[in-house]
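Take a look at the predicted model below. The text walks through two helix contacts and then a ligand site.

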Amino acid sequence: MALPAVAPAVGRLTAPIPAILPAPPGRLEIFSWWTTGGEAAGLSALFDLYKSRNPGVDIVNATVAGGAGSNAKAVLKTRMLGGAPPDSFQIHMGHELTDSWVVTDKMEPLDDIYTQMGWDTAFPKGVLDIVSYDGKPYAVPANIHRANVLWYNKKVFSDNGLQPPTTFEDFFAAADTLKAKGITPLAFADAEGFEAIQTFETTAIGVLGAEGYAGLWTGHTAWTDPRVTDTLNTYKRMLGYINTDYAGLTWDQANDLLISGKAGMTIMGDWIDADYTSKKFADYGWTTTPGTAGIYDALSDGFGLPKGAKDVEQVKNWLRMIGTPEAQDVFNPLKGSVPVNVFAGNGNYDPYLKSAIADWKSQTVVPSLAHGAAASEEWLGAISDAMAVFMIKRDVAATQASLQQACLEARVCK
Ligand code: GAL
């Protein structure tokens, strides 16, 4: 199941929101990996809103640091399989939700809440599709993030007479200029593993286009295709322009290289917009990653109700709140993401987010690999292993063979 290329419906001016009674006093444990400045700020705003609506409920903030859930997912698995689920947990919409937790019968359906809240019409159809399995929704999306964004330091660019690159050719030309000046062209991190996958994914979109890339997840594009070879060669060339200490840096630490002007560009999802906000850095610009203009590489964070959760009434109120325009407009400006509810979008969104809201409504949507939308966690794991070896050996032919093998094992390729 992939994020279909649909634009969200245009919303009416006001949302019909039913009255939600406060939950009984008690506790609510929310599990996530939102620990960096912008992530924590968004989560904390949601907690404040929930507490104001549900006095007497204590929130347990169960976080496990690590971008893209690199550490949290393993802890979650242990708890879920050990019969000690958190009350509610951060989950990516798409394959991560359905293949890992719904098909395995670990989640409660949420159709009653969807009907009560009117979300069958307030969420775009493409989003309803990826939160649902067998016609029932199993999570409430809090946001849409974009993965294919290239961020740049405006001063570094203007000092060197550069324009934001839109093609790979432009990118390499700008990178050569920066390298000649002793500036790291592309700030890169790989301490958490997901960053290399995400850069590979955005390169694949740039080389294959939306349809060719989306076809990788459905069997319509072969992993043996020469354009996949081209993707790996292009990515390998890009890796010639990164900082040498990437293996020890997290995504937000790599971003500090851009902020300080030691690097000119970085490729990262738009949670980095929230990182700039929390670090009070305003001198950044953005464009789509090379070759991906008009394409929105999307992922969505949400929450659900695991079977066996202890504090069910509190979770239900948490879920009812998450999808409302009010909660989405409090959360997303701080988190660096755009709202899902078509009645939202009136919060304190900065210029980047305003542009992202417009793009999300009008562009071609493809599912993110690194963030659970495009492929199952098993398949993503096999691709991650192949790309981890690629980062060291940079062997295009061997990596393409491993990627083909991963597709065969996922039973998508024949
Ligand atoms: C993504 C997640 C985002 C952001 C990012 C970095 O997987 O969807 O909300 O937290 O990881 O941690």
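In this predicted model, Trp379, Ala382, Ile383, Ala386, Met387 and Phe390 of helix α16 touch a row of residues in helix α17. On the α17 side, the partners are Val396, Thr399, Ser402, Leu403, Ala406 and Cys407. Sorted by character, this contact holds ten nonpolar residues and two polar ones. No charged residue takes part.

Now the geometry. Two packed helices are described by the angle between their axes and by the distance between those axes. Helix α16 covers residues 377–393, and helix α17 covers residues 396–409. They pack at an angle of about 170°, and their axes are 9 Å apart. Angles over 145 degrees count as roughly antiparallel. Therefore α16 and α17 are roughly antiparallel to each other.

Helix α16 has another partner to follow. Helix α9, residues 194–215, packs with α16 at an angle of about 95°. Here, too, the axes are 9 Å apart. An angle of 65 to 115 degrees counts as roughly perpendicular, so α9 is roughly perpendicular to α16.

Which residues of α9 meet α16? They are Ala196, Ile197 and Phe200. From α16 come Leu380, Ile383, Ser384, Met387 and Met391. The contact of α9 with α16 divides into seven nonpolar residues, one polar residue and no charged residue. Ile383 and Met387 appear in the contact with α9 and also in the contact with α17.

Turn next to the ligand. It is surrounded by 14 residues. The closest are Glu39, His92, Asp301, Lys335 and His371. Polar side-chain atoms approach the ligand's oxygen atoms. For Lys335, a polar side-chain atom lies 2.7 Å from a ligand oxygen. For His92, the distance from a side-chain N or O atom to a ligand oxygen is 2.8 Å. For Trp34, the corresponding distance is 3.0 Å. How much of the ligand's accessible area does the protein cover? On its own, the ligand has 300 Å² of accessible area, and the protein covers 100% of that.

Key: Residues are numbered from 1 along each chain as its sequence is written. This is a predicted model: local features need pLDDT of at least 70, side-chain atom pairs count only at pLDDT 80 or more; totals for chains, interfaces and linings use all residues. Side-chain values use heavy atoms; hydrogens and water are left out. Axes are lines fitted to C-alpha atoms, for helices over the stretch in contact, and angles run from 0 to 180 degrees between N-to-C directions. Helices (H or I, at least four residues) and strands (E, at least two) are DSSP runs, numbered from the N terminus. Angles under 35 degrees count as roughly parallel, over 145 as roughly antiparallel, 65 to 115 as roughly perpendicular and the rest as oblique. Contact means heavy atoms within 4.5 Å. Ala, Val, Leu, Ile, Met, Phe, Trp, Tyr, Cys and Pro count as nonpolar, Asp, Glu, Lys and Arg as charged, and the others, Gly among them, as polar. A residue is near a molecule or strand if one of its heavy atoms lies within 4 Å of it. A polar contact is a pair of N or O atoms within 3.5 Å; within protein, one must be able to donate a hydrogen and the other to accept it, and residues adjacent in sequence count only if both atoms are side-chain atoms. Accessible areas come from the Shrake-Rupley method with a 1.4 Å probe; for residues, only the protein chains shown count as cover.
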